[in-house]
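Here is a friendly walk through the model in front of you. Have it open as you read, and follow the topics in turn.

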Amino acid sequence: MLKKIVCSAVLLTICVLTGPAASAAGLVTNCSSDAQLQAAVLGGGLVTFSCSGTILLSAGLTITANTTIDGAGQQVALDGQTQYTVLAINSGVTLAVNNLTIQHGKSTGIGNLSGGTVVVTNSLISANAGSGLDNGSGVMSVTNTTIYGNTGAGIVNNGTLTVTASTLVGNAVGINNVGAATVSNSIVAQNGGGNCNGTISDSGYNLSDDSSCGFTAAGSANGVLTLALGPLQNNGWYTQTMAPGPGSPAISAIPPGSNGCATTLLADQIGQMRPGNVNGNCSIGAYEYVSPVTTTITDCANDSQLQAAASAGGRIVFACSGTIGLSQPVTLNANTTVDGTGQSVTLSAPGGNRIFN
């Protein structure tokens, strides 16, 4: 079957092949209410979405069996309406949250208070009426995630916490730690009551705009007042992010092979490849900086302009609409953003071939 990719009025970083949606017990097809989601999480397993939107919860979601909730392919926010904890994890249970926005929880967005395990990746934890994440006696890992604007701490930790390649900005406190907390490759800044309370184990390449975290490891710095972070906004993919602007010390600061750069950390929160295209190093934080080179496609009748633009990398935008039939898969040699905003563009590969190499 001919597979295609549609980039219509959506900012994409690495576009995803789409085909017929597979049926699954945990597939949420209606994001206008929480009925399907509530039912999907009851038995555990994998929960995915074929819809985008903000799901307003009529009750908090309690995780009683090992569960993965993955918003990949859509833009999904789980909203507690400041009445409910969005996700509460029972003892001995593992919850993985990927590619989601968790917002407006009553006292926390995700509460791991009874010895469970929580893994958060590629997500936004924002505007919760209390802490963004609350880890009691359990285990929590946070990777490629933005934690922004929570009225309490971005993260409260009384258990074991690992934060990697994440951005914690604009919370009442960044990390409030009385357990064991390890942080690497992350930005902690502009948190009203201080960036860190308690002792933080610094695994390197962390940036703080005050002295409260006490970072001392290689590549880390305290009191950095010129982080040059952009606003929380849609910079592509499934969740909002805060992109460092030109001149930010977060850009391309981590050498390949250090702290997972280009080894275990191969992409950022929105799917951009690590390292970026500046000097071969990875950026600090949830967002990987891509040099803003823009190529405009003016001819959608064939793929010659697109193939050339993809080879150079950077941002690709369109001044035409139509179906571009690919003569061969598009080879990406550098970080590339494909932005179909304002047009209706379909990339079509013959014979079911891949769209991108």
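Let us start with a sheet of 7 strands, which is open and parallel and follows the order 6-9-12-15-18-21-24. Its edge strands are strand 6 (61–63) and strand 24 (196–197), each of which pairs on one side only. Please keep in mind that this is a predicted model. The points below go from the sheets to the cores, the pocket and a few backbone details.

**Inside the 7-strand sheet**

- Strand 18 (residues 153–157) and strand 21 (residues 173–177) run parallel and are joined by 4 bridges.
- To find this pairing on screen, look for Ile 155, which stands opposite Ile 175 in strand 21.
- In general, the strands of a sheet pair through backbone hydrogen bonds, in either a parallel or an antiparallel way.

**The 8-strand sheet**

- Another open sheet has 8 strands with parallel pairing, in the order 5-8-11-14-17-20-23-26.
- Strand 5 (53–56) and strand 26 (207–208) are at its edges with a single partner strand each, so one side of each has no neighbour in the sheet.
- Within this sheet, strand 20 (residues 167–169) runs parallel to strand 23 (residues 187–189), and 3 bridges join them.
- Which residue of strand 23 is the bridge partner of Thr 167? The partner is Ile 187.

**Further strand pairs**

- Strand 19 runs parallel to strand 22 (residues 180–184), with 5 bridges joining the two.
- Val 163 has Val 183 as its bridge partner in strand 22.
- Strand 22 is also joined to strand 25 (residues 201–202), by 2 bridges and again in parallel.
- Here Thr 182 stands opposite Ser 201 in strand 25.
- Later in the chain, strand 29 (residues 322–325) pairs with strand 31 in the parallel sense over 4 bridges.
- Thr 323 is the residue that stands opposite Thr 346 in strand 31.
- Strand 31 (residues 345–348) is covered on both faces, with Val 345 and Leu 347 buried on one side and Thr 346 and Ser 348 buried on the other.

**Nonpolar cores**

- The largest nonpolar core holds 43 residues, and Leu 37, Phe 49, Leu 78, Leu 87, Ile 102, Ile 110 and Leu 133 have the most contacts inside it.
- A second core, separate from that one, has 18 residues, including Leu 306, Ala 309, Ala 310 and Val 345.
- What does Ile 102 touch, apart from residues up to four places away in sequence? Among its contacts are Leu 78, Val 86, Leu 87, Val 97 and Ile 110, along with Ser 126 and Asn 128.

**Cys 31 and its surroundings**

- If you are looking for Cys 31, go to the loop between strand 3 (27–28) and helix 1 (35–40).
- Is Cys 31 buried or exposed? Its relative accessibility is 8%, so Cys 31 counts as buried.
- Beyond its neighbours within four places in sequence, Cys 31 is in contact with Phe 49, Cys 51, Ser 52, Gly 53, Thr 54 and Ile 55.
- Thr 216 lies 185 residues from Cys 31 along the chain, and their C-alpha atoms are separated by 45 Å.

**The second largest pocket**

- The second largest pocket contains about 280 Å³ of space.
- Its lining has 18 residues, and those nearest the centre are Ala 243, Tyr 287, Tyr 289, Val 290 and Arg 315.
- By class, the lining of this pocket is made up of 9 nonpolar, 8 polar and 1 charged residues.

**Backbone details to check**

- Most residues other than glycine have a negative phi, and most peptide bonds are trans.
- His 104 has a positive phi of about 60° although it is not a glycine, and its place is the loop between strand 11 (101–103) and strand 12 (108–112).
- With a relative accessible area of 27%, His 104 is partly exposed.
- Ala 165 also has a positive phi, near 50°, and is found in the loop between strand 19 (160–164) and strand 20.
- Ala 165 counts as buried, at 1% relative accessibility.
- Arg 274 and Pro 275 are joined by a cis peptide bond with omega about 0°.
- Pro 275 belongs to the loop between strand 26 and strand 27 (294–297).

Definitions and conventions. Residues are numbered from 1 along each chain as its sequence is written. This is a predicted model: local features need pLDDT of at least 70, side-chain atom pairs count only at pLDDT 80 or more; totals for chains, interfaces and linings use all residues. Side-chain values use heavy atoms; hydrogens and water are left out. On a 1 Å grid over the protein atoms alone, a cavity is a set of points where a 1.4 Å probe fits but cannot get out, and a pocket is an open set with protein on both sides within 12 Å along at least five of seven lines; lining residues have an atom within 4 Å of a point. Grid points are joined across faces, edges and corners, and a volume is the space filled by probe spheres set on the points. Ala, Val, Leu, Ile, Met, Phe, Trp, Tyr, Cys and Pro count as nonpolar, Asp, Glu, Lys and Arg as charged, and the others, Gly among them, as polar. A nonpolar core is a set of buried Ala, Val, Leu, Ile, Met, Phe, Trp, Tyr and Cys residues joined through side-chain atoms within 4.5 Å. Buried means under 20% relative accessible area, exposed over 50%, partly exposed in between (1.4 Å probe, protein chains only). Contact means heavy atoms within 4.5 Å. Two strands pair if DSSP finds at least two bridges between them.
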